[in-house]
Amino acid sequence: MTNPVFALVDCNNFYASCEKLFRPDLADKPVVVLSNNDGCIIARSKEAKKLGIKMGLPVFQVRDLLQKHQIVAFSSNYALYADMSQRVMSTLESLAPRVEVYSIDEAFLDLTGVACSQGLTEFGLEVRRTVQKHIGIAVCVGIAPSKTLAKLANHAAKTWPKTGGVVDLTRKERQRKLLSLLPVGEVWGIGGKLTKRLEQLGITTALQLADADPKFIRQHFSVVVERTVRELNGESCIALEDVAPTKKQIISSRAFGERITDKQQMREAISEYISRACKKLRQEQQQAKHLTVFLRTSPFSDKDAPYSASKSLELDSPSSDTRVFLANAMRLLDSLWVNGYRYAKAGVMLADFYDPGMYQPGLFDEPLVVKESDQKLMQLMDTLNNKHGKTLWFASQGSEQEWGMKREMLSPAYTTNWQELPVAK
DNA sequence: TCTGGGGTCCTAGGACCC
DNA sequence: TCTGGGGTCCTAGGACCC
């Protein structure tokens, strides 16, 4: 059996790069992209990073810095990023036999047994050149015998420009050299909490974690961390998943642009989330039996009284009909709603999924009746809304949506809306 | 005044069963 | 007086990821 070889391809500063692509005037200017509601910084161009703009900071805390350095800020434009992502991924699929799309800006490639006459590094460079040429987005490539090492190789490629954006970590000595240079918190799967606990045990570098006894790690932590130790030693424990597993839950939630104090507005918001979630559910070709509704005040405010609550229910049988979930969500909301709070966020969650027609009703349950007309109605709605934007919706979603999110610095839908195509002058 | 959204997996502990 | 032990299932909460 040949040893596995993985490549991790990761787009550089993806959201910021997408925005720059359509604004050549900003080519070497600092750019940041903001979260929903223009709340925090979620992406930074390399110029913005250099100016000390940190990831995840609330915008109001860095407003002065943004202004001082004339940093250009964009509201997040997920329609644009998703479209660009798809283009990058299909380019990658043309270059490698098996591709796992891991996130909007990253993919693992399976290079096991790939005949590389020119060598793995040259293959990585070829990936870089092709994506740059076809899409105009810069990527870095990390190559290694396990996914966790490929992640680290990619990190190295990003951190040290001298690498030319490609790091091949198939050789053991190179692995150990890199591991010794990196703090343990850089390792995929080791977050803030684990970093602290590991440091207390004297494990501060990635190499020290790699050299730890897996049994000891299993006792003090979990199987997950044990697996990470093995992966760091080049033993592949996490397989490539080139077919996306079916989802186990679908969440739709959002912080409001303005605090909600009015129940009618909350009904609109919950209706909106339900219809988004159900649409996703139908896209997945699934039906759900479990519904949760939650709402909360801001956890950051010390002036507002805190309130956070959620309630769930099970449907008698799985469904993907928006109307069924709307009615039930309104019932849940009635039992959750308390007057007098300033609500900051709410959401819904669907879970317990079934393939249509695969649900086994209980012995004494009513037999299932699925009306074809109901399914047709939902299909029609999805088709219309996909084609022409949001044209058909339920009255309960409201038409004004005053609580909707702030996106004051939104870029145009360059690639997904004919009206907003860029114009060459 | 202003702090994202959407996922996954694992563990501990309680309920329940024999 | 003395009140088992082991297994399974479910859920809530915690940790991680991008």
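How many nonpolar, polar and charged residues does the surface near DNA strand C have? In this predicted model, that surface has five nonpolar, four polar and four charged residues. DNA strand C is surrounded by 13 residues, of which the closest are Ser103, Glu106, Lys151, Gly189 and Leu194, and sugar and phosphate make up 100% of the atoms of DNA strand C that come within 4 Å of the protein. An N or O atom in the side chain of Ser103 is 2.7 Å from a sugar or linking oxygen of the strand, while phosphate oxygens of DNA strand C lie 3.0 Å from a backbone N or O atom of Gly189 and 3.2 Å from a polar backbone atom of Lys193. Two or more residues are given to this surface by strand S5 (98-103) and by helix H8 (192-200), with H8 providing the largest share, three residues.

Around DNA strand B there are 23 residues, the closest being Asn36, Ile251, Ser253, Arg254 and Ala255, and by class the surface near this strand has 10 nonpolar, six polar and seven charged residues. Of the atoms of DNA strand B within 4 Å of the protein, 70% belong to sugar or phosphate, and the rest belong to bases. A polar backbone atom of Ala255 is 2.4 Å from a phosphate oxygen of DNA strand B, an N or O atom in the side chain of Arg259 is 3.3 Å from a phosphate oxygen of the strand, and a polar side-chain atom of Ser35 lies 3.0 Å from a sugar or linking oxygen. Helix H11 (223-232) and strand S9 (249-260) are the elements that give two or more residues to the surface near DNA strand B, and S9 gives the most, with eight residues.

Definitions and conventions:
Residues are numbered from 1 along each chain as its sequence is written. Chains are lettered from A and ligands numbered from 1 in the order in which they are written. This is a predicted model: local features need pLDDT of at least 70, side-chain atom pairs count only at pLDDT 80 or more; totals for chains, interfaces and linings use all residues. Side-chain values use heavy atoms; hydrogens and water are left out. A residue is near a molecule or strand if one of its heavy atoms lies within 4 Å of it. A polar contact is a pair of N or O atoms within 3.5 Å; within protein, one must be able to donate a hydrogen and the other to accept it, and residues adjacent in sequence count only if both atoms are side-chain atoms. Helices (H or I, at least four residues) and strands (E, at least two) are DSSP runs, numbered from the N terminus. Ala, Val, Leu, Ile, Met, Phe, Trp, Tyr, Cys and Pro count as nonpolar, Asp, Glu, Lys and Arg as charged, and the others, Gly among them, as polar.
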